[in-house]
Amino acid sequence: MAVTLLYGGLCAIASAQSSIPGVAAVDAPHIALLLPIESSVFRRHAEALRDGFVAASKSDARQTLPVRVYSVGDDAKQASAVYQQATQTGARLVVGPLIRSAVTAVANGDLNVPTLLLNAPEGKTPNRPNLHVLSLQIETDAQHAARLAYRDGKRAAYTVTGDSPLLKRLQLAFNSEFTKLGGKLVAEFAFNTSPAELARLKQAAELRVADMAFLALDARQARAVRAHLEPLAVYASSQIYAGDGGAAAAVELAGVTFFDMPWLLQRDHPAVMVYPRQDFRGDADLERLYALGIDAWRIGQALLARQTELTLGGVTGKLTLGRDRHFARELVNARIGANLPPAAAGPPPPSAPAPLPAKPVPSVPAKSAPSVPAKP
């Protein structure tokens, strides 16, 4: 698999890792991967996603098009221009961009070839045949938590929320889904570790006017409040799971149910093990982006084959293309106990097979994993 990196129209073969000033991109069929590869803020994220994409391509037994990586940051005009450059020089498939402003610009432009955006555009997504959206939106975690809690018989919830915009988005998504199902929001607590506020939280939990709590918190925050929520059932998102929390996290978050992707929760599943891993030094967010790159490759191959009914047992979850052009992700749930993953306990439930069997690769399970011990 040949991989070419393009920076502002300058071309460099990845193996050589050198640019050739003044040389335009070669006009030849290829797959264009649009990522913020030169961004000081998002470069590591872009590299992780790119590496997952390339790893999946190398695991594909079929003859495939070469990949060119185009540098696209958060500039909307640049994103539109690079998209047009890619398609005019032979791109048969475009994957990306990743940053939302660039994604929005591409979504609202002329889409000449099948295009898989890696983030949700702002506003309503245009319903266009060439447009598809695959993202790791954190709201998915909260919606899954609301649905599972409701199926578990929970009807009255507290929420505990951190002050970051991401965590507030989590809370809003949980609130919306839980109340839509018929649940009731009893009270909302802002994260606060003062003795008085923790005592207030503990008193509220012991009143039994709620039967569950949803934590819109990160791992550190969740560990600070978990003990004060007994005897409530506690649900959370992948934000509480960093991939390897160790024994202390297993004790302090014991019993918390959360959601994450098979790549992190079912590492011993054959459909996950077929792809190589990189050492991200415990950075679960980079792991998730690497997994996104793997699934982006697999979906891209389906789009090149002009498949219209798309369901994929992916490493980021069971993926189903909806009428809104977004791939819905069905996650795996786990309960933190004495041991965190690498592997979920028990046999995984079956899911739909991947649409493109490049070589015999079983699908990742779509439903929940049993009790064991989890984004930009």
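Select L207 to begin; this residue lies in the loop between α6 (195-206) and β10 (212-216). Helices (H or I, at least four residues) and strands (E, at least two) are DSSP runs, numbered from the N terminus. The model is predicted, so local features need pLDDT of at least 70 and side-chain atom pairs count only at pLDDT 80 or more, while totals for chains, interfaces and linings use all residues. Residues are numbered from 1 along each chain as its sequence is written, and side-chain values use heavy atoms, with hydrogens and water left out.

**The loop between α6 and β10**

L207 is exposed, at a relative accessible area of 56%. Buried means under 20% relative accessible area, exposed over 50%, and partly exposed in between (1.4 Å probe, protein chains only). Add V186 and V209 to the selection: with L207 they form a nonpolar patch on the surface, with about 250 Å² of accessible area together. Patches are made of residues with over 30% relative accessible area and no salt bridge; like charges are joined within 9 Å, and nonpolar side chains (Val, Leu, Ile, Met, Phe, Trp, Tyr) within 5 Å. Accessible areas come from the Shrake-Rupley method with a 1.4 Å probe, and for residues only the protein chains shown count as cover.

Next, select R208, which is found in the loop between α6 and β10. R208 has a positive phi of about 65° although it is not a glycine, and its relative accessible area of 63% makes it exposed.

**Further backbone features**

Most residues other than glycine have a negative phi, and most peptide bonds are trans. Move to R281, in the loop between α10 (270-273) and α11 (284-304). R281 is not a glycine, yet its phi is positive, about 55°; at 76% relative accessibility, R281 counts as exposed.

For the cis peptide bonds, select G96 and P97, where the bond from G96 to P97 is cis with omega near 0°. P97 is found in the loop between β5 (91-95) and α3 (100-107). Then select E230 and P231: the bond from E230 to P231 is also cis, with omega near 10°. P231 has its place in the loop between α7 and β11 (233-236).

**Helix α7 and its link to α8**

Helix α7 covers residues 219-225 and holds Q221. Q221 is buried, with a relative accessible area of 6%. Leaving aside neighbours within four places in sequence, Q221 is in contact (heavy atoms within 4.5 Å) with G162, L167 and F191.

Now display R223 and E252, whose side chains meet in a salt bridge (2.5 Å, N to O). The pair links distant parts of the chain, with R223 in helix α7 and E252 in helix α8 (residues 246-252), 29 residues apart. A salt bridge is a side-chain nitrogen of Lys or Arg within 4 Å of a carboxyl oxygen of Asp or Glu. R223 is partly exposed at 33% relative accessible area, and E252 is partly exposed at 35%.

**Helix α5**

Select K180 and E177, which form a salt bridge with the closest N and O atoms 3.4 Å apart. The two are separated by about one helical turn because they are three residues apart in helix α5 (residues 165-181). K180 is exposed, with a relative accessible area of 63%, whereas E177 is buried, at 8%.

**Helix α11**

Select α11 in full: 19 of its 21 residues are buried, and the helix is mostly covered. At 1.5 Å a residue, its 21 residues should span 30 Å, which agrees with end C-alpha atoms 30 Å apart. The expected span is 1.5 Å times one less than the number of residues. At the N-terminal end, D283 caps the helix, a side-chain oxygen lying 3.1 Å from the backbone nitrogen of D285. After α11 comes R306, whose phi is positive, near 60°.

Within α11, the side chains of R298 and D295 meet in a salt bridge (3.9 Å, N to O). R298 is buried at 10% relative accessible area, and D295 counts as buried at 0%.

**Helix α1 and the whole protein**

Select α1 (residues 43-58), whose 16 residues should span 22 Å at 1.5 Å a residue; the end C-alpha atoms are 22 Å apart, in agreement. Its buried residues include R50, D51 and F53.

Finally, show the entire protein, which has 11 helices and 16 strands and holds 15 salt bridges. Buried residues make up 54% of its 376 residues. The protein exposes about 16,000 Å², of which carbon and sulfur atoms supply 52%.

Definitions and conventions:
Polar contact = N/O pair within 3.5 Å; in protein donor to acceptor, adjacent residues only side chain to side chain.
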